[in-house]
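Subject: Structure handover

Hi,

Here is the structure for you to look over. My notes on what turned up follow right after it.

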Amino acid sequence: MSIERFLYPKLVGLRFEDHAIPLEFLKDLAVLEELIIEVAKAKYLGDHQERQRSPRGFTEGVEFKLTGVEDGSAIPIISLIIATNTLFPPENQTYFEQAREAVVSAISAADRNQPVTEHLPEKTLTYFDRIGRSLRDGEAIEFTTPQHQEPAKLTKETRRRLILASDKVKELTEEVAVRGGVPEADQDDMTFEVQLFDGRKV
């Protein structure tokens, strides 16, 4: 079994200054794993143009695990664990490393307002609708890798650029907080309205 310290995104903002990670961010890390696997498959197909699909068992014996949290805001350590007795040789790991670099390059490009589809296939950009959705103003997820010493910052704005760079995206979702009161509820229709503090009803 080989274990590699694979990715260590730094969470920046007031919510992370006590070196803790809100549980809602664990969902983002899970989607990040999905994105890296999808891009790794695309990298494999790019090297094997005679194939239409990645081979069965491409990700067998490959796991991404949270193996620690470092100080400095909060830095989750994501490790790539590859079993040595799998169908594919350990050098298949290079496709996951290429995928990591491509994802961070795309985030960096979005941060600099440059084209992102030069780094990631357009169909994979929809994953960013689920990564960083709970980011607030002034918060960022900073990514560094062996090839990217300058942090690539995923913010609300860069996330928006990444998503909208895909022609497949029809809508953009963001988390919002709505505060108000519920003056009444319709139990038959299972609906209710929220009355905001300015009197409007939603």
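Lys123 is partly exposed, because its relative accessibility is 48% and the cut-off for exposed is over 50%. The side chain of Lys123 meets that of Glu38 in a salt bridge, at 3.9 Å from N to O. The two sit in distant parts of the chain: Lys123 in the loop between α2 and β5, Glu38 in helix α1, 85 residues apart. Glu38 is also partly exposed, with a relative accessible area of 24%. Please keep in mind that this is a predicted model.

**Other salt bridges**

The count comes to 13 salt bridges. Two more deserve a look.

Arg130 and Glu34 meet through their side chains in a salt bridge of 2.9 Å, N to O. Arg130 lies in the loop between α2 and β5 and Glu34 lies in helix α1, so this pair ties together parts that are 96 residues apart in sequence. Arg130 is partly exposed at 36% relative accessibility. Glu34 is partly exposed too, with a relative accessible area of 34%.

Arg15 forms a salt bridge with Glu139, and their closest N and O atoms are 2.7 Å apart. Arg15 is in the loop between β2 (10-12) and α1, while Glu139 is in the loop between α2 (93-111) and β5 (140-145), so the pair ties together parts that are 124 residues apart in sequence. Are these two buried or exposed? Arg15 counts as buried, because its relative accessibility is 18% and the cut-off is under 20%. Glu139 is buried as well, with a relative accessible area of 7%.

There is also a network. Glu4, Arg100 and Glu101 are joined into one by salt bridges that share partners.

**Helix α1**

Glu34 and Glu38 both belong to this helix. Helix α1 covers residues 24-47. It has 24 residues. From its first C-alpha to its last it reaches 36 Å, close to the 34 Å expected at 1.5 Å a residue.

Which residues of α1 are buried? They are Phe25, Asp28, Leu29, Val31, Leu32, Leu35, Ile36, Ile37, Val39, Ala40 and Tyr44. The cover over these buried residues includes β1, β2, β3, β4, α2 and β5.

Leu26 is in α1 too. Leu26 is partly exposed, with a relative accessible area of 37%. Together with Leu23, Leu66 and Val69, Leu26 forms a nonpolar patch on the surface. The accessible area of the patch is about 370 Å² in total.

**Strand β4**

Strand β4 runs over residues 74-82 and is mostly covered. Nine of its nine residues are buried. In a regular strand, side chains alternate between the two faces of the sheet. Here, Ala74, Pro76, Ile78, Leu80 and Ile82 point one way from β4. Ile75, Ile77, Ser79 and Ile81 point the other way.

Which strands pair with β4? Strand β1 (residues 2-7) pairs with β4 in the antiparallel sense, over five bridges. Glu4 stands opposite Leu80 there. Strand β3 (residues 62-71) is joined to β4 by nine bridges, and these two also run antiparallel. The bridge partner of Glu70 in β4 is Ile75. β3 and β4 form a hairpin with two residues between the strands. Gly72 takes a positive phi near 100 degrees in this hairpin.

**The chain as a whole**

The protein chain has 202 residues, and buried residues make up 41% of them. Its secondary structure comes to three helices and 10 strands. Along the sequence the pattern is β-β-α-β-β-α-β-β-α-β-β-β-β.

The C-alpha trace spans about 65 × 40 × 35 Å along its principal axes. The accessible surface is about 12100 Å², and carbon and sulfur atoms account for 46% of that.

How many of the contacts between residues at least 6 apart in sequence join residues at least 24 apart? The figure is 63%.

Best wishes

Definitions and conventions. Residues numbered from 1 in each chain as written. Predicted model: local features only at pLDDT ≥ 70, side-chain atom pairs only at ≥ 80, totals over all residues. Heavy atoms only, no water. Patch = residues over 30% accessible without salt bridge, like charges linked within 9 Å, V, L, I, M, F, W, Y side chains within 5 Å. Areas by Shrake-Rupley, 256 points an atom, 1.4 Å probe, with all protein chains shown as cover. Salt bridge = Lys/Arg side-chain N within 4 Å of Asp/Glu carboxyl O. Helix = DSSP H or I, 4+ residues; strand = E, 2+ residues; numbered from the N terminus. Buried < 20%, exposed > 50% of the residue type's maximum accessible area, 1.4 Å probe, protein only. Pairing = 2+ DSSP bridges. Contact = heavy atoms within 4.5 Å. Expected span 1.5 Å × (residues − 1).
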